[in-house]
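Me: I'd like to go through this model with you, one question at a time. Here is what I'm looking at.

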Amino acid sequence: MSARLKLYNTATREVADFHPLKSGQVGIYLCGATVQAPPHIGHVRSGVNFDILRRWLSASGYDVTFIRNVTDIDDKILHKAVHEEIPWWAVAEKYERAFTDAYRALNVLPPTYEPRATGHITQMIELMELLIANGSAYAPGNGDVYLDVRHLKSYLTLSNQKLDDLQSAEDADLTYKKDPRDFALWKAAKPGDPSWPTPWGAGRPGWHLECSAMAHAYLGETFDIHGGGLDLIFPHHENEIAQSQSAGWGFANIWMHNAWVTASGEKMSKSLGNSLQVQEILKTVRGIELRWYLGSAHYRSMTEFSFEALEEASVNFRRIEGFLKRATDVLGETPEGVISSGFSEAMNEDLAVPTALAVIAEIMRLGNTALSAGDLAGVRVAAAEIRGALNILGCDPFDPIFATSSSANAELLDGLVALALEQRAAARVRKDFAAADAIRDQIAALGVVIEDTAAGTRWSIS
RNA sequence: GGUCGGAUGGCCGAGAGGCGAGGCUCAGGACUGCAAAUCCUGCCACACGGGUUCAAAUCCCGUUCCGACCUCCA
């Protein structure tokens, strides 16, 4: 089934059949976080979108090597260190943990490897040596190392811009740069800044170098997919391409970019003050619900965040979850997930999750009908297909990562609710509906919702 | 100035020449002691103006509005 996957490639601006470099294997490099602030939902949308890609590739039979980096040294981290009066590495560690926590809360699988920029200085120096040796980069003697953007003819092909159309930075200092658009591979150390020794003096990495060095280290000169947010196309990805291709590497075959989460129509950013931190949102919905919401729009579509839309998505998800739980009760077990043909077709079409959700809705309708008809075989098929779909979307409610309570008090709770339900059942038998309803209202006030079904009374915690 | 997106029903959100995606909300019905859950029915949308076509949300021309990037960005 893997042969039919189609993906959109930002470089060619079209959807095309996916052909891995090596049969049965896929190498993906995803630009992860620059750990200088807590993650907002835009950051984790990227994580969720590419996690779905990864899960789908795996389910399609590929052996996936998924590299997601951590950029743990950059200007903002250093600024923050000064501002917060703690070492830069403590800033990086603190926010890296915040990202890890957010990813875990949303069931984003840990990458195959998560390299940090500062752990790859050696590879960066080797790359710079190569680039200087072949004339595509230069060290003007001030401790900086720049890439000569005019040296690579294909510069800016990803963003389809012309070098001369770029508005050049007003503060470009041409004392050392040959061209104002030449960018720093390496920055000379300033007093108080962390630095590493190099043949050109002590300094620290520029922003783009780490991704070229790390992608090369773990995925080789040419690999299948490079991903990131839309806003990384320029300059970050263009500069990665410039560095890597100047080194003679093929670099990424396919470029995939996720769109933003917007707020009031605008891209989320800290400068606008409209960013919504993951930890804040998780006070209003469960991680699985936030993931469902973030994953439900197509990855290339902007999604406008609102608490109303989030709540709507949660309601939708709880219906699906409710079906799976009822099916599990009736079947006595949760069927293993299977991939339905409709779901597979949708996902193969450049990860058409919205279409896949329509498929899930249809399966659920059939499943619910089977449930009322007592058609256990039908229930089993529907539950298995839904579970298979939810697994790919990372929203399987039976995934242990989403397990809520430790079962220490579960038995006690079971017993107490059973006691209340027995009382209510007795009241209903003697047609004392006032008493029965009073019991229902009382436990509802405590958060226990009950449903009378043909098979008896079910309860769940709201 | 250059480059790139977007505007779809009360709301969210797909689609990309015909055969009404789907979800949420709402209204009605079935079921039910009543709820809840579920199922059924209903609510015929594509920014605006032209054009092409037997047929346009979809293609073409023009217009309006919104957003992104142009060296901090997921």
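Me: Which helix gives the most to the surface near RNA strand B?

Reply: Keep in mind that this is a predicted model. Counting the residues that each element puts on the surface near RNA strand B, the top contributor supplies eight. That helix spans residues 353-373, and its name is α11.

Me: And how many residues surround RNA strand B in total, and which are the closest?

Reply: The cut-off for being near the strand is a heavy atom within 4 Å. By class, the surface has 18 nonpolar, 22 polar and 17 charged residues. That makes 57 residues around RNA strand B, the closest being W207, G229, D231, W260 and E312.

Me: What share of the RNA strand B atoms within 4 Å of the protein is sugar and phosphate?

Reply: Some side chains show what such contacts look like: a polar side-chain atom of N316 sits 3.2 Å from a sugar or linking oxygen of RNA strand B, and an N or O atom in the side chain of D165 is 2.9 Å from a sugar or linking oxygen. Over the atoms of RNA strand B that come within 4 Å of the protein, sugar and phosphate account for 59%.

Me: Which residue has a polar side-chain atom 3.1 Å from a phosphate oxygen of RNA strand B?

Reply: A polar contact needs a pair of N or O atoms within 3.5 Å. Here the RNA strand B partner is a phosphate oxygen, 3.1 Å from a polar side-chain atom of S301.

Me: On to helix packing. Why are α9 and α12 called oblique to each other?

Reply: Helix α9 covers residues 307-331 and helix α12 residues 376-393, and their axes are 10 Å apart. Angles from 65 to 115 degrees count as roughly perpendicular and those over 145 as roughly antiparallel. The two helices pack at about 135°, so α9 and α12 are oblique.

Me: How many charged residues does the contact of α9 with α12 have?

Reply: On the α9 side, the contact includes F317, I320 and F323, while α12 brings L376, V379 and R380 among others. By class, there are 13 nonpolar residues and no polar ones, and the charged count is one.

Me: Which residues of α12 does α1 meet?

Reply: Helix α1 (residues 41-59) packs against α12 at about 130°, with the axes 7 Å apart. The contact divides into five nonpolar, one polar and one charged residues. From α1 come I52, R55, W56 and A59, and in α12 they meet N391, I392 and L393.

How values were computed:
Residues are numbered from 1 along each chain as its sequence is written. Chains are lettered from A and ligands numbered from 1 in the order in which they are written. This is a predicted model: local features need pLDDT of at least 70, side-chain atom pairs count only at pLDDT 80 or more; totals for chains, interfaces and linings use all residues. Side-chain values use heavy atoms; hydrogens and water are left out. Axes are lines fitted to C-alpha atoms, for helices over the stretch in contact, and angles run from 0 to 180 degrees between N-to-C directions. Helices (H or I, at least four residues) and strands (E, at least two) are DSSP runs, numbered from the N terminus. Angles under 35 degrees count as roughly parallel, over 145 as roughly antiparallel, 65 to 115 as roughly perpendicular and the rest as oblique. Contact means heavy atoms within 4.5 Å. Ala, Val, Leu, Ile, Met, Phe, Trp, Tyr, Cys and Pro count as nonpolar, Asp, Glu, Lys and Arg as charged, and the others, Gly among them, as polar. A polar contact is a pair of N or O atoms within 3.5 Å; within protein, one must be able to donate a hydrogen and the other to accept it, and residues adjacent in sequence count only if both atoms are side-chain atoms.
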